[in-house]
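Thanks for asking me to look this one over. Here are my notes, point by point, to read alongside the model.

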Amino acid sequence: MSFRVESASNQAIENRANPNNQKIDRTFSTFLNESLQNQTTATEMKISHHAQKRMAERGIQLNQSDLTTIEGAVEELSQKGSKNSLIVYKDMALIASIANRTIITAMTTNEIETVTNIDSVKKINA
């Protein structure tokens with residue numbers, strides 16, 4: 001099996017669906033620049049509806065300082081390539097989706113028996 005690679009032209013191409021026949025730039029650099037401009041830099045943590053219910057049931061409350069601390073831990077886990085992590089903080093255990101920056105569920109540290117489907121654990125010293 002052989003493959004042949006030809007260099008692609010970096011010229012703008014004609015968009016046939018465009019009624020005015022305007023040329024649209026379809027180069028890789030254009031797509032890359034658009035992607036970088038549209039990229040969100042939000043580091044704000046979200047708490048899923050499920051996690052909110054569990055926190056209410058268990059009397060777990062997070063203030064802004066707690067969320068800031070957890071955001072820092074999530075950023076560190078993200079840089080290390082984690083996907084789903086158990087974060088132990090104060091007397092609570094939070095399972096978080098690192099890519100989505102979302103707390104999925106919450107429990108007290110006394111409730112931890114078996115935790116599955118995580119790839120990392122981070123203990124935050126309070």
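**Notes on the model**

1. Let me begin with one arginine. Arg58 has a relative accessibility of 30%, so it counts as partly exposed. Its salt-bridge partner is Glu111, with 2.8 Å between the closest N and O atoms. The two residues come from distant parts of the chain: Arg58 belongs to helix H2, while Glu111 sits in the loop between E6 and E7, 53 residues apart. Glu111 is partly exposed as well, at a relative accessible area of 34%.

2. Before going further, please keep in mind that this is a predicted model. The mean pLDDT of the chain is 83, and 74% of the residues reach at least 70. Taken by element, E4 has the highest mean pLDDT, 97, and strand E1 (residues 13-14) the lowest, 48. Residues 10-15 fall below 50, although the model gives this stretch eleven contacts beyond near neighbours in sequence. I would word any comment on those contacts with that score in view.

3. Back to the charged pairs: how many salt bridges does the structure hold? There are five. One of them lies within helix H2, where Arg54 and Glu57 are three residues apart, about one turn of the helix. Their side chains meet at 3.2 Å, N to O. Exposed means over 50% relative accessible area, and Glu57 is therefore classed as exposed at 55%.

4. Another salt bridge joins Lys90 and Asp66, whose closest N and O atoms are 3.0 Å apart. Lys90 is in the loop between E4 and E5 and Asp66 is in helix H3, so this pair ties together parts 24 residues apart in sequence. Is Asp66 buried or exposed? Asp66 is buried, with a relative accessible area of 4%, whereas Lys90 is partly exposed at 45%.

5. Now the sheet. Five strands form an open sheet in the order E3-E6-E5-E4-E7, and the pairing is mixed. Strand E3 (46-47) and strand E7 (120-124) are the edges, each paired on one side only. E7 runs parallel to E4, and five bridges connect the two. Within this pairing, Leu86 has Val121 of E7 as its bridge partner. Helix H2 packs on the sheet, where it touches E3 and E6, and its direction makes about 20 degrees with that of E6.

6. Which residues touch the most other members of the largest nonpolar core? They are Leu62, Ile70, Ile87 and Leu94, in a core of 19 residues. Helices H2 (49-58) and H3 (64-79) and strands E4 (84-89), E5 (92-97) and E6 (102-108) each contribute at least two residues to this core. H3 gives the largest share, five residues.

7. Ile70 deserves a look of its own in the viewer. Beyond its neighbours within four places in sequence, Ile70 contacts Met45, Leu62, Ile87, Tyr89, Leu94 and Ile124. There is also a second core, separate from the one above, with five residues, among them Leu86, Val88, Ile95 and Met107. Leu86 thus turns up twice in these notes: as a member of that second core and as the bridge partner of Val121.

Methods. Residues numbered from 1 in each chain as written. Predicted model: local features only at pLDDT ≥ 70, side-chain atom pairs only at ≥ 80, totals over all residues. Heavy atoms only, no water. Core = buried A, V, L, I, M, F, W, Y, C linked by side-chain atoms within 4.5 Å. Buried < 20%, exposed > 50% of the residue type's maximum accessible area, 1.4 Å probe, protein only. Helix = DSSP H or I, 4+ residues; strand = E, 2+ residues; numbered from the N terminus. Contact = heavy atoms within 4.5 Å. pLDDT = per-residue confidence, 0-100. Pairing = 2+ DSSP bridges. Axes fitted to C-alpha atoms, helices over the stretch in contact; angles between N-to-C directions. Salt bridge = Lys/Arg side-chain N within 4 Å of Asp/Glu carboxyl O.
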